[in-house]
Amino acid sequence: MIDNKKNKKSISLILLTISVFFLFYTFYESEIKYEGKEHSYYIKYYSICSVLIACSAVSFFLKKKTIINILVLFFALLFALYLINSYLIFNKKRINYDNRTKFQLYQDLKKFDNNIAVSMYPQSHGGDDNYPLYSLSSRSNKKTIHCNENGYFSIHHTDRYGFNNPDFEWEKNKIEFLLVGDSFTHGACVNETDTISGNLRKMIDNGGVLNLGYSGNGPLTEYATLREYLPLKKINRVLWIYAERNDLSDLMHELEDKTLLNYLNDRTFTQRLHLRQNEIDKKLEKIFDISVKEELKRKYRGKIISFIRLYNLRNFIKIQLIKPTLNMKIPNKILKKFSEIIYLSKILSDNNEVKLYFVYLPDYFKYNNKSSQNTEFKKYKDVITIINRLNIPIIDINKDLMEEYPDPLALFPFRSFNHYNELGYKLISKTILKKIIEYENIK
């Protein structure tokens with residue numbers, strides 16, 4: 001009887017110890033490793049740890065048989081979760097999905113090509129007080145690995161200013177389209193010829209297309225990009241490509257950056273980035289070298305840790321089962337700043353005798369979740385009202401393409417929460433060109 005009590009107490013102590021360990025590990029990840037910047041992400045893990053600790057405390061008062069039954073149930077559930085996670089990994093391999101990370105691919109390609117690089121987003125290497133240079137692109141003239149959502153890694157060759165263009169586009173006297181936007185404009189995750197800009201090049205008879213979009217960009221970064229690079233060429237049209245998914249939330253973070261705010265508060269401010277590309281390349285080279293060293297440390301443990309953390313299962317649940325928040329918590333002041341930025345972009349375009357078009361790209365969840373199909377989703381109505389008030393032509397991809405297309409989810413990789421696939425980008429490009437022709441010939 002005494003041995004049974006000791007065994008029961010030992011089991012409860014082990015459970016409590018494990019639960020407390022997970023709590024301290026969560027605290028380390030959230031507050032020390034990420035310096036509290038990802039606290040909102042780790043709140044759910046704090047909640048799980050609290051529940052585990054509470055259950056461990058209760059176990060001291062339960063019968064040994066009850067505790068054993070609970071443990072058997074727990075480990076059976078854990079086994080099932082890892083089994084599902086393994087299936088998701090296997091399923092990716094079955095469809096010929098490249099499971100390497102960017103840096104693993106980089107290491108493989110580096111053996112044969114010294115000019116290989118990994119895409120570096122402006123938001124990851126912005127200016128600071130010690131070195132205020134805020135580049136709006138990546139390293140120039142590099143064969144650049146971007147991302148993988150379609151089973152393969154998209155790779156493009158950056159131009160003289162670090163953007164996703166064939167460099168000869170800058171030599172053309174006539175530029176029909178200049179694009180600004182985020183990852184959807186940048187071309188995630190397809191090769192350059194299948195991006196919106198790549199498709200437009202194939203669809204027009206003459207003239208150039210310049211893609212100045214970059215992953216991670218928000219409206220303020222896009223306005224800054226126009227300020228820096230629009231005056232360099234004679235441009236006929238600017239396509240401001242708005243991503244419903246995250247542009248307003250990105251703006252909330254951009255408004256905290258001192259350098260980006262200079263573009264908003266001072267219409268004469270410029271970093272003269274087109275004259276500082278060598279400086280940009282050197283800065284990013286140093287940052288990239290540090291990143292490679294950090295990634296190499298994780299190279300051999302990455303897959304194991306990913307499996308232990310049930311990465312594929314958690315990603316599947318996040319994308320397929322958790323419904324999005326329909327009413328984004330975007331303060332009115334952010335919408336006012338967005339309106340101001342679009343207004344300034346229109347003034348800038350007008351002053352350079354450029355026609356500005358606003359292209360609205362809808363989010364995946366608009367088609368995956370019926371409750372998202374309303375005018376309040378992601379502040380759709382507010383954004384459209386702002387653009388109409390400024391008298392800017394709108395190309396609404398939801399109305400002009402998706403509502404007429406029989407299966408919108410087929411335009412996303414594996415019908416899942418990603419960017420568009422090759423067909424998606426192609427149809428969007430056709431729609432943009434068709435609507436511009438309608439505007440310029442009829443309206």
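These questions and answers cover helix packing, nonpolar cores and salt bridges in a predicted model.

Q: At what angle do helix α7 and helix α8 cross, and how is that orientation classed?
A: Helix α7 spans residues 219–229 and helix α8 spans residues 247–254. Their axes come within 7 Å and cross at roughly 75 degrees. Angles of 65 to 115 degrees form one class, so α7 and α8 are roughly perpendicular.

Q: Which residues of α8 make the contact with α7?
A: On the α7 side, the contact is made by P219, L220, T221 and E222. By class, the contact has 3 nonpolar, 1 polar and 3 charged residues. The α8 side supplies D247, L251 and E254.

Q: Which helix gives the largest share of the largest nonpolar core?
A: This core has 61 residues. L178, W240, F338, F358 and I387 touch the most other members. The largest share is 7 residues, and they come from helix α13 (residues 332–351).

Q: Which residues does W240 contact, leaving aside its neighbours within four places in sequence?
A: W240 is among the residues of the largest core that touch the most other members. Its contacts include P219 and E222, two residues that also belong to the α7 side of the contact with α8. The full set is V180, P219, E222, Y223, L226, I341, I342, S345, L356, Y357, F358 and V359.

Q: How many residues make up the other core?
A: Another core lies apart from the largest one. Among its members are L239, Y364, L401 and Y439. Its size is 33 residues.

Q: Is R139, the salt-bridge partner of E285, buried or exposed?
A: E285 and R139 meet through their side chains at 2.8 Å, N to O. The pair links distant parts of the chain, 146 residues apart: E285 lies in helix α10 (residues 277–297), R139 in the loop between β1 (116–118) and β2 (143–148). E285 has 30% relative accessibility and counts as partly exposed. Buried means under 20%; at 3%, R139 is therefore buried.

Q: What is the N to O distance in the salt bridge of R276 and E279?
A: R276 is partly exposed, with a relative accessible area of 24%. E279 is partly exposed too, at 29%. Their side chains meet at 3.0 Å.

Q: Which residues are linked in a network of salt bridges?
A: The whole structure has 18 salt bridges. One of them joins D167 and R160 at 2.9 Å, N to O. The network links E169, K172, E192 and R201.

Methods:
Residues are numbered from 1 along each chain as its sequence is written. This is a predicted model: local features need pLDDT of at least 70, side-chain atom pairs count only at pLDDT 80 or more; totals for chains, interfaces and linings use all residues. Side-chain values use heavy atoms; hydrogens and water are left out. Axes are lines fitted to C-alpha atoms, for helices over the stretch in contact, and angles run from 0 to 180 degrees between N-to-C directions. Helices (H or I, at least four residues) and strands (E, at least two) are DSSP runs, numbered from the N terminus. Angles under 35 degrees count as roughly parallel, over 145 as roughly antiparallel, 65 to 115 as roughly perpendicular and the rest as oblique. Contact means heavy atoms within 4.5 Å. Ala, Val, Leu, Ile, Met, Phe, Trp, Tyr, Cys and Pro count as nonpolar, Asp, Glu, Lys and Arg as charged, and the others, Gly among them, as polar. A nonpolar core is a set of buried Ala, Val, Leu, Ile, Met, Phe, Trp, Tyr and Cys residues joined through side-chain atoms within 4.5 Å. Buried means under 20% relative accessible area, exposed over 50%, partly exposed in between (1.4 Å probe, protein chains only). A salt bridge is a side-chain nitrogen of Lys or Arg within 4 Å of a carboxyl oxygen of Asp or Glu.
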